[in-house]
Amino acid sequence: MSATTRNSAPDAEDIRARKGGAPLVSLTAYTTPMAQLMDAHCDFVLVGDSVGMVLHGLPSTLGVTMEMMILHGKAVARGLSRAMLVIDMPFGSYEESPAQAFRNAARLMAETGAGAVKLEGGTRMAETIRFLVDRGIPVMAHVGLTPQSVNTLGGYRVQGRAAEAERVLADARAVAEAGAFSVVLEKVPARLADRITAEVPIPTIGIGASAGCDGQILVVDDMLGFFQAFRPKFVKRYAELGANAEAAIAEYAADVRARRFPAPEHVFADEPPKKEPPK
Ligand code: KIV
């Protein structure tokens, strides 16, 4: 059964209908408190498999499991009442066959209450996307840099420069034709992103793409400055919460060592304080 029922949240068709309209806003989230903070501001929230790198310290997204996605998906669902919930299919959960993809996508949606799944790959995943959509599973596609294929793409490099542009365009066209309701364009040249946005009939969601996309997404830990391991050029830091948190932790450690914490106001007396008699 669905973990949550969120009748007022937009669905895949609402997102599709935003093509060419006001830009779609989205972020990743992995926990309930973060989902609560972004619910009023985002059209959809993605439980990205980036969770493996930003919360679990994995070197790539390849080690992310279905169980991790379900655990974080349930947590995010508890924090959303307004935004749509989209969940990533982890590496190895959908590439083998359309039937494998259906089994795992259905499980992700049923156990988390997500309104759609996202999966990586263009032309090569078109048959699977069609299979899922025909069976009631809305799919957000993801082309350009697809981090689960880091070992065959030559690293986390820009995709679609020079002669590669036609391949990325063909990927975006293929997923749209297969029935995806939107497509993430990751780390593609801005002019190519604009061309894809003009040519495909579904919303493009940019990350390292172009302000001309139909929407934007960022990894929340990147834009808040929590994730320190590396900082892609496409990340705008809207806050430095990682540095602030470390300064707070250092201050706490110094207070404890100097016996400044806990102070009198943080400890309890033998007797409860007397209530003021009513006047
Ligand atoms: O896993 C992720 O966080 C993503 C995006 C940021 C698009 O796929």
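**Close-up views of the cysteines and the ligand site**

**View 1. Cys213 is a buried residue, with a relative accessible area of 5%.** Buried here means under 20% relative accessible area, exposed over 50% and partly exposed in between, with a 1.4 Å probe and protein chains only. The model is predicted, so that local features need pLDDT of at least 70 and side-chain atom pairs count only at pLDDT 80 or more, whereas totals for chains, interfaces and linings use all residues. Residues are numbered from 1 along each chain as its sequence is written, and side-chain values use heavy atoms, with hydrogens and water left out.

**View 2. Cys42 and Cys213 form no disulfide (a pair of cysteine sulfur atoms within 2.5 Å).** The closest cysteine sulfur to that of Cys213 belongs to Cys42 and lies 16 Å away, which is too far for a bond. Cys42 is also buried, at a relative accessible area of 3%.

**View 3. The ligand is surrounded by residues that include Thr28, Leu46, Gly48, Lys118, His142 and Val219.** A residue is counted as near the ligand if one of its heavy atoms lies within 4 Å of it.

**View 4. Asp49, Ser50 and Asp88 each place a polar side-chain atom within 3.5 Å of a ligand oxygen, the cut-off for a polar contact between N or O atoms.** The distance to an oxygen atom of the ligand is 2.9 Å for Asp49, 2.5 Å for Ser50 and 3.1 Å for Asp88. Taken alone, the ligand exposes 260 Å², of which the protein buries 95%, areas being computed by the Shrake-Rupley method with a 1.4 Å probe.

How values were computed:
A polar contact is a pair of N or O atoms within 3.5 Å; within protein, one must be able to donate a hydrogen and the other to accept it, and residues adjacent in sequence count only if both atoms are side-chain atoms.
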